[in-house]
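Subject: The structure I promised you

Hi,

Here is the structure I said I would send over. Have it open while you read, and I'll walk you through what turned up.

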Amino acid sequence: MIYKKIIITQRTDKIAPNDEIRDNLDTLWTTFFNRLNNDKQTILLYPLPNFVDNLNAWVDAISPDGILLSGGNTISDEVAVQRKNIELQLLDYAANKNIPVLGVCRGMQMLAYWQKIPLVETQQNHIAVRHNISFSPIFSYPQKFTENVNSYHKFMIQQNAQNLQNFDIIATSENDNCIEMIKHKNKNIFGIMWHPEREENLKNFDKILVENVFNLVF
């Protein structure tokens with residue numbers, strides 16, 4: 001049995017009435033990765049505390065096979081400043097150690113923030129809708145193709161954005177050319193704007209995506 005260890009970041013919420021600050025993770029992520037377990041591999045998720053003291057020691061102790069930057073919060077959310085800071089440290093660590101990274105929704109926006117790529121508000125509605133996105137050839141897909149995905153974001157990366165030169169644009173939305181997927185040119189670092197964990201059934205492309213990013217076994 002192969003065990004794949006993936007660190008996953010968590011959103012920060014302030015809970016009334018006592019203003020408790022809590023780290024939270026959607027349980028759908030556990031369901032998503034459970035669907036990828038098989039008789040050859042088991043995926044172990046390690047939720048990252050946003051207020052961990054020594055991040056490098058924490059990550060070293062786990063020795064992860066990959067890192068997933070989850071969604072939730074916005075980059076400018078005041079309650080999530082510590083989350084933003086810990087994820088910036090995590091990205092520096094991952095890039096230095098060549099650990100694979102997948103950023104999902106806000107996670108992709110964190111990749112942009114990390115590389116000083118500006119974010120702008122979407123011109124069309126991308127919150128709680130579905131839309132088609134067009135992909136360039138990638139993984140086992142030798143030609144361009146289209147997927148229908150969910151969407152829950154208010155901010156986007158424009159195709160002419162500054163400091164985007166370190167990333168390839170893999171997918172864009174068909175209705176407004178919003179960038180929906182990026183890949184770092186020199187690192188195994190990917191960003192996507194849809195939420196694969198929110199699909200009722202595991203989609204084939206999402207399976208192929210995480211298989212390739214995290215070198216899973218099927």
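How much area does the protein expose, and what part of it do carbon and sulfur atoms supply? The protein exposes about 10,500 Å², and 44% of that comes from carbon and sulfur atoms. Before you go further, keep in mind that this is a predicted model.

**The overall picture**

You should be able to pick out five helices and 13 strands. The C-alpha trace spans about 45 × 45 × 35 Å along its principal axes. A compact globule of 218 residues would have a radius of gyration near 17 Å, and the protein has 17 Å, so the two agree. Of those 218 residues, 48% count as buried. Now take the contacts with a separation of 6 or more: residues 24 or more positions apart account for 68% of them.

**The core**

Which residues have the most contacts inside the largest nonpolar core? They are L102 and M181, in a core of 61 residues. Try clicking on L102. If you skip its neighbours within four places in sequence, L102 is in contact with I67, L68, L69, F190, I192, L209, V210, V213 and F214. Several names there come back in helix α5, whose buried residues include L209, V210, V213 and F214. The others on the buried list for α5 are F205, D206 and I208. Here is a handy thing to remember when you look at a list like that: an α-helix has 3.6 residues a turn, so residues three or four places apart point the same way.

Next, look at I170, which is found in strand β11 (residues 167-173). I170 has a relative accessible area of 9%, so it is buried, the cut-off being under 20%. Again leaving aside neighbours within four places, I170 is in contact with S134, F135, S136, I138, M181, I182 and K183. M181 is the residue named above for its contacts inside the core. You can also check a distance here: I170 and I192 are 22 residues apart in sequence, with 9.3 Å from C-alpha to C-alpha.

**A covered helix**

Is helix α4 mostly covered or mostly open? Mostly covered: eight of the nine residues in α4 (residues 106-114) are buried. They are R106, G107, M108, Q109, M110, L111, A112 and W114. Just past α4 comes K116, in the loop between α4 and β7 (120-121). K116 has a relative accessibility of 65%, so it counts as exposed, the cut-off being over 50%.

**Rings**

There are 12 aromatic pairs in the count. One of them is Y141 with F145: the ring centres are 4.2 Å apart and the planes at 20°, so this pair is stacked. F145 is buried, with a relative accessible area of 12%. For W194 and F205, the centres are 6.2 Å apart and the planes at 45°, so that pair is tilted. The W194 and F205 pair links distant parts of the chain, with W194 in the loop between β13 (189-192) and α5 (204-214) and F205 in helix α5, 11 residues apart. Both W194 and F205 are buried.

Step back and you will see a cluster: ring pairs link F135, F139, Y141, F145, F190, W194 and F205. One more ring to look at is Y152, because that one has a charged neighbour: R198 lies over its face, at 4.4 Å from the ring centre.

**Backbone oddities**

Where does the chain have a cis peptide bond? Look from A16 to P17, where omega is near 5°. P17 is found in the loop between β2 (11-15) and β3 (20-24).

Then there are some positive phi values to find. N73 has phi near 65°, a positive value in a residue other than glycine. N73 is in the loop between β5 (66-69) and α3 (81-97), and it is buried, with a relative accessible area of 14%. K116 also has a positive phi, near 60°. The third to look up is N215, which follows α5 and has phi near 55°.

That's the tour. Write back if you get stuck anywhere.

Cheers

Definitions and conventions:
Residues are numbered from 1 along each chain as its sequence is written. This is a predicted model: local features need pLDDT of at least 70, side-chain atom pairs count only at pLDDT 80 or more; totals for chains, interfaces and linings use all residues. Side-chain values use heavy atoms; hydrogens and water are left out. Rings of Phe, Tyr and Trp (its six-membered ring) pair if their centres lie within 6.5 Å; planes under 30 degrees apart count as stacked, over 60 as edge-to-face and the rest as tilted. Buried means under 20% relative accessible area, exposed over 50%, partly exposed in between (1.4 Å probe, protein chains only). Helices (H or I, at least four residues) and strands (E, at least two) are DSSP runs, numbered from the N terminus. A charge sits over a ring if NZ of Lys or CZ of Arg is within 6 Å of the ring centre and within 35 degrees of the ring normal. The radius of gyration is taken over C-alpha atoms; the globule rule is 2.2 Å times the number of residues to the power 0.38. Contact means heavy atoms within 4.5 Å. Accessible areas come from the Shrake-Rupley method with a 1.4 Å probe; for residues, only the protein chains shown count as cover. A nonpolar core is a set of buried Ala, Val, Leu, Ile, Met, Phe, Trp, Tyr and Cys residues joined through side-chain atoms within 4.5 Å.
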